[in-house]
Every structure is written in structure tokens, then in C-alpha cells.
Amino acid sequence: MMTNQIQQEIRYLRKKGRSSNDAGFARRPWWASWSKTAMYLAIFILMTLTMWHNFVVPSMMSEVDLIGEHPGRLRAQRRQRNGFNRKSRNQNLLNLPANKVDAILQGDLTLVKLHVPPGAVDADTRHDRDTSANPGNVDMSKRYRGVQGVFCYIDWSLQAHDPSEVPMFRDLMTQSELCDETMTTVDLWDMTRKASAHDASHANGAAATAGKEEDDSHATISLKQPTGVVFHQSRCGSTLTSNLMVTSQKSPDIPDYSESRVWSESRPPIDALRACVDAHRCDDGKHAQLIQDVFYMMGRKKVAASNAMSSNHRYYVKFQSISTQHIAAFTKAMPDVPWVFVYRDSIEVMQSYWRGVKSARAQVKCASHQAMGRQSKWTLQVVKSAQRASPSDLTKQEYCAAHLAGLAESALTEYERAASKGKGRFVNYNQLPDIMWDSVLPNHFHVPKDEINISAMQRMSQSYSKARGRTAVTAWKGDSERKRETATQEVRLAVQTFMAPRLARMNELSGNE
């Protein structure tokens, strides 16, 4: 009876909005109902994601491409069919020397990062006259200071097997399972001198130097400079060009081997090119030496001794788009290396940047430097030529167009400066991929036609260059027409204002008029 009375009193107090504590009972904590709600919500989200992963995503993909499989499982099956076994390959890795310096000298470890301190290439007459500790006939006046090179083991067979799965060098680093545990940092100047001495002591041949290592089954070769390099405007097919250069010498018999390596947007080259940006008084000789040393170390690799003297070994570099602002520094340091500048209709490039941007306040990558106090001289030159006061006065669309125009202006200026050498060339997106095997590789990069695997390049060109997410298992489809049709008036006017004359000149030079 008493219990019933208490329960009635509790119900009455609740209706009045009073606490149940008034009835002599402990009140239920406020967070109890919220924790239960959160638990139910978490369960609901987990079940939704599970259903999306297992049922919705596969149904969104082409049945022909997926065969009812998830993209991740499809890639694993494709690797297995092609004889690609990551586990067994890692189990059969060559034994690395215990001494990391020896591993670098033998070509086991690859240059992956560069630390360039401020003032590394500053003119310093006190140090320039210091000839102590100078092994051999080294020009100490070109010695840069304090530059650290970071090396680790890179599994290049990942790139050779399918470059679209590791389209950027950072992807290759991430997927190279031994990189972290083999990473070591050394002084780049000293390491390059040691590597050069090591290669010279085993010199045999003009195109490459080969030296047999302790086990006599492998040798280190040193390619003095890249076969060719790619500068670009961004969002213009440059990754396709790098993938095609990998597959241009892909072995038809070994699925994960190619005699070509491509450094796709690796950090050391751009960090070397930008070394003078923060210099108080840049020494051009030191800067050029730093660039040359970086490319020298990138050109060293370990190969089978029986293949060491092959003339087919090549390496290429695809720079980040922003590197085009420093193209003159590259050509002065490496005057004999041919280069191409890949570009695209600027409306299509800008539409690629604006895809998915729904807010006027959203940050757009091509306009990310607008708020910075220090602007590229090329961007400033373009803004001035358009009779605008400052980059800060431009809209995001205008700044993006000015940035792209600045890259084009830098490439055009360098092309005109060294036109007599014939090392520069412009390639329009519309000319890809055929121009790579028809003209760029054989005529500009001087790769013998009988060494170019055209069939492998053609197969590569039929899929997306960056095999991530849905694009990993779908055939490539052009989108140029759609991008032009959906471009806003703001984008069209910005391109016309800043880019039009430069685009016309590049079309003239590329033959894409």
C-alpha cells in the first residue's frame, strides 16, 4: 500500500515538473538518457556504413568493371593474376648493409627528402676560401652548407607494376614498407662526394658507371642526369605523362619491372630549386651545385650485375606545378636536359579546381597564395600587365587565372631565352597520349623507338592516372566539353583577362592551334 502511494506521488511530482528527489528517491542522472541516445545513434551509423560499404558502393560501379567485387578486392585479384605478390617479394629483399652509408653508396637507399636551412646557398667568402678537408679536386667555392638528405628503401617495383596505384612519389614512399625502418639522414654535400668517388672507382662506360658489389650479383649504376623532365600547369594530364614514361620501358615478361623510373612530384627537386627563395645573398654557383647533386643522387640505383651495362636505364622527373616558377634555375643547372611544359585550356583547369566548391568563402587551391604577403614575381608580372593594382584586389577566379598565367609566363620566358638550344617544348592536353610515343619520347627525349613499349603505354592511357576510389576500376572518360559548358561567366572573363594571350602563344608552339 505504501509503495503504491509513493509511486502515485512520484507521478504527480513529475507532472508538476518537480524532481523525484522530493519523494525520497535518487534522481536519475541527466546524462543517462543522452548516453543511451548516443549509443543508439552510434549503432545506427555503424550499420548504415556497413550496408553502404557492402551493398551501395558495389552497385554504383559498373558490373563489367567490378564483376560484383569491391574495388579493393578487385585490385588484389588483379595483382594476383599478374603475378604480383607483395609478401613474397618483401621476404626476398636483398640484405641491406648494416652501415646506412654503405647502403646509400650501393644504391639500396633512395633520396626521399631534403632539408635546406636558410642561407645554405648564400655567398660566403670566408667559407669559400676554406680549402681544408678537401678530398681531391673539388671546387669548394660551390660548397653549400648544412643541407641534409634523407634516404630510405623505396620499392620501385610498385611503380613498375602499376604506376596509377602510386601516381605520386609520396604514394610510393607510403607503400614502401621498409622506408620507415631504413630511413637515415646524412650531409648531402659529403654524401654526394663519397658517391661520386665510389662510382668513379668502378667506372666502366660513358652512359652509366657500374660497380659490382660484394655479392657480385648486383651493381650500382649512376645516371648523371634525367632523360627528360615535365613541368606543368596542374590538372592538365601531367600524371598521365609520368605513368606513360614508366610503362614506356616496361618489361613484357616481368610484370613488376621497368627500366624507367619516374620521380613524380618528389620533394627533393623542388626544395633544391627553391633554395634561393630564402637566401639573403644567393650564390648561383652553389645553387646550381645543389641542384646537380640532388639529381645525381636520384640517378643512382642498384640493378642486376648482368644488366648493369644496358643502355636502357632511364629516369624522368615530373615536378610539382609550382616548380615552373623556378624553371630557369633548373635549366641553368642542367642545361642539357630536355623539358616539356604540359598545359590545358585554362577554363577546363579552373573548372577542375572549382569542382565541388559550394561556398564563396571556401579555399580553392589555385588561389591559396592570394593571402600571402610574398607573391611570385611571375604572378605579379601578370597582374601588372592586366593593369591591376595588387593580387589582393582580385577575385578568387581572377587570382587563379593570374596564377596559371604566371606559370605559363615563366615557361614561355625560359623557352624564348634558350630557344636556340631546343630543349623546351609545349604539349597540350588534347595531344595526349599519342604525342608521348609518337614525338616526345623519340624526338625530344631521344629514346630509341625500338625501346619504347607502345602497347603498354596505350593500355595505361585507357585508365585513370590516379587509381584511387572509384577511378581505380573504371575506364577513363574525357570531361573537357562538360567543363567548358558549365563554366561561369566569372571564370570565362578571368581567363580572357589574364590567360588568353599566353594560351594562344603556347598553342602556337605546341601545334595545337
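This text goes through a predicted model, from its overall make-up to its aromatic pairs and then to one buried asparagine.

The protein has 23 helices and eleven strands. Of its 513 residues, 50% are buried. The exposed surface comes to about 26,400 Å², and carbon and sulfur atoms account for 51% of that area. Contacts reach far along the chain: among those between residues at least 6 apart in sequence, 78% join residues at least 24 apart.

Aromatic side chains give specific examples of such links. The structure contains 14 aromatic pairs. One of them is formed by Tyr-144 and Trp-189, whose ring centres are 5.4 Å apart and whose planes meet at 85 degrees, an edge-to-face arrangement. Tyr-144 belongs to the loop between α7 (125–128) and β2 (148–152), while Trp-189 belongs to helix α11 (residues 188–201), so this pair ties together parts that are 45 residues apart in sequence. Tyr-144 and Trp-189 are both buried. Trp-189 has a further partner: Arg-193 lies over the face of its ring, 4.0 Å from the ring centre.

A second edge-to-face pair consists of Tyr-415 and Phe-426, with 5.5 Å between the centres and 70 degrees between the planes. Here the connection runs from helix α18 (residues 396–417), which holds Tyr-415, to strand β11 (residues 424–428), which holds Phe-426, so the parts tied together are eleven residues apart in sequence. The two residues differ in exposure. Tyr-415 has a relative accessible area of 22% and is therefore partly exposed, since buried means under 20%. Phe-426, at 2%, counts as buried.

Tyr-415 and Phe-426 also belong to a wider group. Ring pairs join them with Phe-231, Phe-295, Phe-319, Phe-330, Trp-339 and Phe-341 in a cluster. Elsewhere, a charge again sits over a ring: the charged end of Arg-344 is 3.8 Å from the centre of the ring of Tyr-429.

The last site is polar. Asn-453 is found in the loop between α19 (434–444) and α20 (454–460). Its relative accessible area is 17%, and because the limit for buried is under 20%, Asn-453 counts as buried. Apart from neighbours within four places in sequence, Asn-453 is in contact with Thr-247, Ser-248 and Lys-250. With Lys-250, a polar atom of the Asn-453 side chain lies 3.0 Å from the backbone oxygen.

Technical notes:
Residues numbered from 1 in each chain as written. Predicted model: local features only at pLDDT ≥ 70, side-chain atom pairs only at ≥ 80, totals over all residues. Heavy atoms only, no water. Phe/Tyr/Trp six-rings, centres within 6.5 Å; stacked < 30°, edge-to-face > 60°. Helix = DSSP H or I, 4+ residues; strand = E, 2+ residues; numbered from the N terminus. Buried < 20%, exposed > 50% of the residue type's maximum accessible area, 1.4 Å probe, protein only. Lys NZ or Arg CZ within 6 Å of the ring centre and 35° of its normal. Polar contact = N/O pair within 3.5 Å; in protein donor to acceptor, adjacent residues only side chain to side chain. Contact = heavy atoms within 4.5 Å. Areas by Shrake-Rupley, 256 points an atom, 1.4 Å probe, with all protein chains shown as cover.
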